[in-house]
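Trainee: I have a structure to go through and would like some help. Can we take it piece by piece?

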Amino acid sequence: RILIPLAGLALTGLVVLGWLLGRPDGRLHVAFLDVGQGDAIFIQTPAGRQVLIDGGRYPSVVLDELGRQMPFWDRSIDIVMATHPDDDHIVGLVSVVERYEVSRLVTNGPNNDNDPTFEALLRAADTDGTPVMVAQAGETFVLDDDVRLDILRVGPVAGDDSSNEASIVALLSYDQLSVLLMGDAGTAAEAELIRNGRATNATVLKVGHHGSNGSSSEAFIRAVRPQIVIISAGLDNSYGHPHPAVLERATAAGATILRTDLMGTLELESDGRQMWWEVEQPVPGTGLP
């Protein structure tokens, strides 16, 4: 593993290793899971609390990824969050809620559109007695004494009925480390965050909508000033994600780009002042080991 101070970050290399089971280990762990064309983010706090944000499109894939992140005997997750009811974010969550003891399911709103997958997720929660709550902008989930998950925005943008723009946008903070999680939010939600002063600086930015050109505007990246940009997308996906323009904007801002489609699951470990990154596979031509 490569240790990287958060101040003056310079990503000099990555190594291909797996996390050791037996956590908690007093550090924050964030895994951007390789679930193909979709999103799934697993968080474990220094004290051992666990959060899963989205679950991709394929139940077997996200369950397998969770099996790699959690000890085989661990069958509980504190919070499962569905940023919005698109299949590539929530299909896998149905099986997660069915197979794990989930303390709380957090959504971006009620099932007003009668989406069948979203309904299946809510039904699974009801069957298992899992409380369901709707996230509210300005709300904070205190995960540990020093770890918090702030809800920066949720719900539709005025004049825009896109389900993507209604995604939960959250900021994970631990001492000097901050990770901005955009769901599928695009430029309309980004502009709103800029207007209301919530486009906060972040060490790590998980870009919206898998690197679509309808997200990660130049103004937003300039406002966030990320050191690391994470793109969660499927290899050779039919959507052309990530868009070359997004890669150009991130590179121009001086950010290092890490992609699940090329590197597999991306794992961040931090003590709040330094961070380590691990990837499943090297990328030819990048200089990364």
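Mentor: We will go through some strands, rings, a helix and a few loops.

Mentor: This is a predicted model, where local features need pLDDT of at least 70, side-chain atom pairs count only at pLDDT 80 or more, and totals for chains, interfaces and linings use all residues. Residues are numbered from 1 along each chain as its sequence is written, and side-chain values use heavy atoms, with hydrogens and water left out.

Trainee: Start with strand 3. Which of its residues are buried?

Mentor: Strand 3 covers residues 41–44, and both of its faces are covered. Ile 41 and Ile 43 are buried on one side, Phe 42 and Gln 44 on the other. Buried means under 20% relative accessible area, exposed over 50%, and partly exposed in between (1.4 Å probe, protein chains only). Strands (E, at least two residues) and helices (H or I, at least four) are DSSP runs, numbered from the N terminus.

Trainee: Why do the side chains split between two sides like that?

Mentor: In a regular strand the side chains alternate between the two faces of the sheet.

Trainee: And how many bridges join strand 2 to strand 3?

Mentor: Four, and the two strands run antiparallel. Two strands pair if DSSP finds at least two bridges between them. Val 30 stands opposite Ile 43 in strand 3.

Trainee: What about strand 3 and strand 4?

Mentor: They also pair in the antiparallel sense, over four bridges, with strand 4 at residues 50–53. Gln 44 stands opposite Gln 50 in strand 4. The hairpin of these strands has five residues between them, and Gly 48 there takes a positive phi near 100 degrees.

Trainee: New topic. How many aromatic pairs does the structure hold?

Mentor: One. Phe 32 and Trp 277 have ring centres 6.4 Å apart and planes at 20 degrees, so the pair is stacked. Rings of Phe, Tyr and Trp (its six-membered ring) pair if their centres lie within 6.5 Å; planes under 30 degrees apart count as stacked, over 60 as edge-to-face and the rest as tilted.

Trainee: Where do those two lie?

Mentor: Phe 32 is in strand 2 (residues 28–32) and Trp 277 in strand 16 (residues 274–279), so the pair ties together parts that are 245 residues apart in sequence. Phe 32 is buried, at 2% relative accessible area, and Trp 277 is buried at 0%.

Trainee: Which residue lies over the face of Trp 276?

Mentor: Arg 27, at 4.2 Å from the ring centre. Arg 75 lies over the face of Tyr 100, at 4.5 Å from the ring centre. A charge sits over a ring if NZ of Lys or CZ of Arg is within 6 Å of the ring centre and within 35 degrees of the ring normal.

Trainee: On to helix 4. What do its buried residues pack against?

Mentor: The buried residues are Ala 189, Glu 190 and Leu 193, in a helix spanning residues 187–195. They cover an arc of only 105 degrees around the axis, which puts them on the same side of helix 4; the arc is that of the directions from the helix axis to the C-beta atoms. They pack against strand 9 (147–153), strand 10 (169–174) and helix 5 (218–224), where contact means heavy atoms within 4.5 Å.

Trainee: Last one, loops. Is His 210 buried or exposed?

Mentor: His 210 is buried, at 1% relative accessibility. Its phi is near 60 degrees, a positive value in a residue other than glycine. Asn 114 has a positive phi too, near 55 degrees, but Asn 114 is exposed at 63% relative accessible area.
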